[in-house]
Amino acid sequence: MTHAATETRSVVVEREIPHPPEKIWRALTQPHLIAEWLMKNDFEAREGHRFSLTADWGGVDCVVETVEPHRALSYAWDTKDLRSTVSWTLTPTMDGTLLRMEQEGFQPNQKPYFQGASVGWPRFISALERVVERLD
């Protein structure tokens with residue numbers, strides 16, 4: 001017996017980036033850099049920290065859940081009627097870093113949110129790559 005009503009979907013984006021995890025970590029955790037590729041924010045890389053992401057269309061309320069410097073970061077993502085978790089994993093490779101982003105928690109009746117995230121996250125991550133590229 002399955003419980004289809006409780007099954008959720010996830011958006012996953014993975015990219016090999018030719019830079020070390022430490023450099024990518026900066027773009028994931030420094031507020032002025034996050035603002036360049038994602039949204040305006042008051043982020044702090046501290047578990048339990050509540051922060052907001054804001055854009056012209058509105059905002060997202062978040063809480064930092066996991067901080068493992070240069071390895072993993074996750075935060076609760078709460079906007080309107082979407083409650084989800086965004087998780088970042090950085091894995092060193094021979095040529096740089098495998099960056100994995102997963103946003104999990106899309107309910108079956110939240111297709112517009114899921115579709116928006118499916119299109120939006122690859123764009124955000126491309127912008128993140130451009131930010132990382134120009135960092136010293």
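**View 1. Overall dimensions of the chain in the predicted model.** For a chain of 136 residues, a compact globule would be expected to have a radius of gyration near 14 Å, and the value of 15 Å computed for this chain agrees with that expectation. Taken along the principal axes, the box filled by the C-alpha atoms is roughly 50 × 30 × 25 Å, and 41% of the 136 residues count as buried. Among contacts between residues at least 6 apart in sequence, 50% join residues at least 24 apart.

**View 2. Order of the helices and strands.** The chain contains 3 helices and 7 strands, which follow the pattern β-α-α-β-β-β-β-β-β-α when read along the sequence.

**View 3. The hairpin of β3 and β4.** Strand β3, residues 50-55, runs antiparallel to strand β4, residues 58-68, and 6 bridges join the two. The hairpin that they form has 2 residues between its strands, and A55 has G58 in β4 as its bridge partner.

**View 4. The hairpin of β4 and β5.** Strand β4 also pairs with strand β5, residues 72-79, in the antiparallel sense and over 7 bridges, with D61 standing opposite D78 in β5. These two strands form a hairpin with 3 residues between them, and in the turn H70 has a positive phi of about 70°.

**View 5. Surface and charges of the chain.** About 7600 Å² of the chain is exposed, and carbon and sulfur atoms supply 51% of this area. The chain carries 15 positive and 20 negative charges, and the mean positions of these two sets lie 5 Å apart.

How values were computed:
Residues numbered from 1 in each chain as written. Predicted model: local features only at pLDDT ≥ 70, side-chain atom pairs only at ≥ 80, totals over all residues. Heavy atoms only, no water. Pairing = 2+ DSSP bridges. Helix = DSSP H or I, 4+ residues; strand = E, 2+ residues; numbered from the N terminus. Rg over C-alpha atoms; globule rule 2.2 N^0.38 Å. Buried < 20%, exposed > 50% of the residue type's maximum accessible area, 1.4 Å probe, protein only. Contact = heavy atoms within 4.5 Å. Areas by Shrake-Rupley, 256 points an atom, 1.4 Å probe, with all protein chains shown as cover. Lys, Arg positive; Asp, Glu negative; His and termini not counted. Charge placed at Lys NZ, Arg CZ, Asp CG, Glu CD.
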